[in-house]
Amino acid sequence: MYNKVIMMGRIVNDLELKTTPQGVSVCSFRIAVDRRFQNKGEEKKSDFFNVVAWRQQAEFVTKYFHKGRSILVEGEMTTRQYTDKNGNPSTWYEIVADRLSFTPEPKQQGAYSDTYSAPPPAAPPQQASSQMPAPDFTAADSDDDYPF
């Protein structure tokens, strides 16, 4: 079986490094990931994902990241069953981070684009004559002359 999740989003809560009773560092946070498509006239929609980082990854994320910062998360999606405050069975989904990475940050509003724009095509070279000569094609009578 294979369970690998890769997401890039923005951290939506303040980060806090915690330690388990056994002395293991842990940090839980949420990221907002914008959807690739939106309907015309609608605002962008985002999906929110829970992430947990352990040990060195937890120390790394709390040291170098903050709320609002873009982050790339690679890890494994896990689930846990629990009972909510109303006594209903529920499922908790979270990404257990294997790798956390920096991503480019926009320098100023409007200065960053996440889409590629091809350069405009070059102008065709100027011809000495205003009309191009018609190509001289000869028609093949049968398919027998083709080497394949």
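**Exercise 1.** Work out whether Ser90 is buried or exposed in this predicted model, and list what surrounds it.

*Solution.* Start with the cut-off: a residue is buried when its relative accessible area is under 20%. Ser90 comes in at 18%, so it counts as buried. Next, place it: Ser90 sits in strand 6, which covers residues 89-102. Finally, look for contacts, skipping anything up to four places away in sequence: Ser90 touches Arg80, Gln81, Tyr82 and Asp84.

**Exercise 2.** Find the largest nonpolar core and say which elements build it.

*Solution.* Step one is the head count: this core has 18 residues. Step two, pick out those with the most contacts inside it, namely Phe29, Ile31, Val61, Ile71, Val73 and Leu100. Step three, map the core onto secondary structure: strands 1, 3, 4, 5 and 6 plus helix 1 each give two or more residues. Strand 3 (25-34) supplies the largest share, with 4 residues. To zoom in, take Phe29: leaving out residues up to four places away in sequence, Phe29 touches Ile11, Asn13, Leu15, Phe49, Asn50, Val51, Val61, Ile71 and Leu100.

**Exercise 3.** Classify the ring pairs that Tyr64 makes with Phe60 and with Phe102.

*Solution.* You need two numbers per pair, since aromatic rings are described by the distance of the centres and the angle of the planes. A search of the whole structure turns up 5 aromatic pairs. For Phe60 and Tyr64, the centres are 5.4 Å apart and the planes make 50°, which is a tilted pair. Both residues lie in helix 1, 4 residues apart, or about one turn of the helix. On accessibility, Phe60 at 23% counts as partly exposed, and Tyr64 is partly exposed too, at 41%.

Now the second pair. Tyr64 and Phe102 have 6.1 Å between centres and 75° between planes; with anything over 60 degrees counting as edge-to-face, that label applies here. This pair links distant parts of the chain, with Tyr64 in helix 1 and Phe102 in strand 6, 38 residues apart. Phe102, at 45%, counts as partly exposed. Put the rings together and you get one aromatic cluster of Phe60, Tyr64, Phe65 and Phe102.

**Exercise 4.** Locate Glu16 and identify its contacts.

*Solution.* First, the address: Glu16 is in the loop between strand 1 (5-11) and strand 2 (18-19). Second, the contacts: beyond residues up to four places away in sequence, Glu16 touches Val26, Cys27 and Thr62. Third, a distance check: the C-alpha atoms of Glu16 and His66 are separated by 9.6 Å, with their positions 50 residues apart along the chain.

Definitions and conventions. Residues numbered from 1 in each chain as written. Predicted model: local features only at pLDDT ≥ 70, side-chain atom pairs only at ≥ 80, totals over all residues. Heavy atoms only, no water. Contact = heavy atoms within 4.5 Å. Buried < 20%, exposed > 50% of the residue type's maximum accessible area, 1.4 Å probe, protein only. Core = buried A, V, L, I, M, F, W, Y, C linked by side-chain atoms within 4.5 Å. Phe/Tyr/Trp six-rings, centres within 6.5 Å; stacked < 30°, edge-to-face > 60°.
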